[in-house]
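User: Hi! I have a model open and would like to talk through its charges, its core and its backbone. Could you take my questions one at a time?

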Amino acid sequence: MNGISDGVAIVTGGGSGIGRATATRFASEGARVVVTDVDVDGGEETVSQIEADGGEATFLEADVTDEDDVKATVETAVDTYGGLDFAFNNAGIEGANESSSQQSRSNWDQVIDINLTGVFLGIREQLPAMLEDGGGAIVNTASVAGLLGFPNLSPYVASKHGVLGLTKTAAVEFSADGIRVNAVCPGVIETPMVARTREEDPEMMEQTAAATPIGRLGDPEEIASAVVWLCSDDASFVTGESLVVDGGYSVQ
Ligand code: NAD
């Protein structure tokens with residue numbers, strides 16, 4: 001894709017699912033990738049897969065809620081590869097499945113901390129490095145849950161609505177400086193996160209697939225394509241956008 005080759009990308013939550021697929025796609029397009037995750041085995045496996053395919057990547061154990069780790073992630077990109085062009089703020093958790101009348105404060109805090117504060121910290125630390133480099137592109141993982149309400153997931157839904165607010169604000173602030181900031185809103189995608197939900201409620205996943213106009217759940221690679229396109233020069237006039245990739249689920 002235009003403008004990706006030789007760029008430097010950060011992918012958070014790169015040890016699994018959508019993050020792994022996107023790190024792999026960036027690398028196959030010729031970018032050098034800093035993969036971060038709290039899951040060391042998963043992150044190292046992503047890097048091994050990229051290297052086996054002839055790509056270039058580095059793993060850093062980093063928690064998106066830890067300011068020092070987030071700073072270290074940007075420093076790793078700059079020190080190892082000479083700068084920062086793209087960032088995919090993707091790490092996230094689903095949290096507990098409970099109605100709004102039953103949600104615990106600890107679940108609320110954890111989901112908001114990882115899914116929303118993690119994206120805020122990522123953007124804050126990535127922007128100066130991109131400004132230094134003359135521009136860049138950031139993509140944040142929201143969800144169709146950033147656009148619609150879903151039962152029993154109030155912290156998750158609130159966090160993903162918040163990610164869209166952060167995305168639009170940074171886009172308005174920094175697009176004139178050559179930094180485009182967008183969000184991707186996946187529908188239900190076959191990843192370990194969804195496998196966990198399926199274990200709890202197999203019927204719900206079948207119903208979701210049946211309620212999706214395309215007639216199936218998505219693959220992580222289908223989100224990776226959208227993310228790398230948003231970072232590419234082919235999307236040069238796209239900023240502040242919430243790109244929905246959901247097989248038509250949310251347009252019904
Ligand atoms: P996943 O569980 O397969 O991967 C998430 C990764 O994030 C894991 O490797 C995990 O270790 C990592 N992570 C969790 N907390 C972290 C932290 N504090 N710091 C760093 N890394 C951390 O899930 P996935 O489905 O690939 O989800 C990726 C993103 O996509 C999430 O933000 C999720 O909310 C979003 N999303 C997923 C779906 C879906 O259906 N799978 C739909 C919409 C949005």
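User: Happy to start with a single side chain: is Asp109 buried, partly exposed or exposed?
Analyst: Glad to help, and please keep in mind that this is a predicted model. The relative accessibility of Asp109 is 36%. Partly exposed covers the range between 20% and 50%. Asp109 is therefore partly exposed.

User: Which residue meets the side chain of Asp109 in a salt bridge?
Analyst: The partner sits in helix α4 together with Asp109, four residues apart, about one turn of the helix. It counts as exposed, at 63% relative accessibility. The N to O distance of the salt bridge is 3.0 Å, and the residue that meets Asp109 is Arg105.

User: How many salt bridges does a search of the whole structure find?
Analyst: Side chains of opposite charge can pair when their charged atoms come close. One of the pairs here is Arg25 with Glu29, at 3.0 Å from N to O; Arg25 is partly exposed, with 24% relative accessibility. For the whole structure, the number of salt bridges found is eight.

User: How many residues apart in sequence are the parts that Glu67 and Arg124 tie together?
Analyst: The side chains of Glu67 and Arg124 form a salt bridge of 2.8 Å, N to O. Glu67 belongs to helix α3 (residues 67–81) and Arg124 to helix α4 (residues 105–132), so the pair ties together parts whose separation in sequence is 57 residues.

User: Which residues are linked with Glu67 and Arg124 in a network of salt bridges?
Analyst: Both named residues are partly exposed: Glu67 has a relative accessibility of 41%, and Arg124 has 33%. The network of salt bridges links them with Lys71 and Glu125.

User: Turning to the surface, which helices each supply at least two residues of the negative patch?
Analyst: The patch is formed by Glu199, Glu200, Asp201, Glu203 and Glu206. Glu199 has its place in helix α6 and is exposed, with a relative accessible area of 71%. The helices that each supply at least two of the patch residues are α6 (192–200) and α7 (202–210).

User: And inside, which element gives the largest share of the largest nonpolar core?
Analyst: That core has 28 residues, and Phe26 and Val33 are those with the most contacts inside it. Elements that each supply at least two of its residues include β1, α1 (17–28), β2 (32–37) and α8 (220–231). The largest share is six residues, and it comes from α8.

User: How far apart in space are Val157 and Thr197, C-alpha to C-alpha?
Analyst: Val157 is found in helix α5 and is buried, with a relative accessible area of 10%. In sequence, Val157 and Thr197 are 40 residues apart, while their C-alpha to C-alpha distance in space is 16 Å.

User: Now the backbone: what is the phi of Asp6?
Analyst: Most residues other than glycine have a negative phi. Asp6 lies in the segment before β1 (8–12) and counts as exposed, at 57% relative accessibility. Its phi is positive, in a residue other than glycine, and is near 75°.

User: Last one: where is Asn152 found?
Analyst: Asn152 has a positive phi, near 70°, and is a residue other than glycine. With a relative accessible area of 32%, Asn152 is partly exposed. Its place is the loop between β5 (136–141) and α5 (154–174).

Note on methods:
Residues are numbered from 1 along each chain as its sequence is written. This is a predicted model: local features need pLDDT of at least 70, side-chain atom pairs count only at pLDDT 80 or more; totals for chains, interfaces and linings use all residues. Side-chain values use heavy atoms; hydrogens and water are left out. Patches are made of residues with over 30% relative accessible area and no salt bridge: like charges are joined within 9 Å, nonpolar side chains (Val, Leu, Ile, Met, Phe, Trp, Tyr) within 5 Å. Accessible areas come from the Shrake-Rupley method with a 1.4 Å probe; for residues, only the protein chains shown count as cover. A salt bridge is a side-chain nitrogen of Lys or Arg within 4 Å of a carboxyl oxygen of Asp or Glu. Lys and Arg count as positive and Asp and Glu as negative; His and the chain ends are not counted. The place of a charge is taken as NZ of Lys, CZ of Arg, CG of Asp or CD of Glu. Buried means under 20% relative accessible area, exposed over 50%, partly exposed in between (1.4 Å probe, protein chains only). A nonpolar core is a set of buried Ala, Val, Leu, Ile, Met, Phe, Trp, Tyr and Cys residues joined through side-chain atoms within 4.5 Å.
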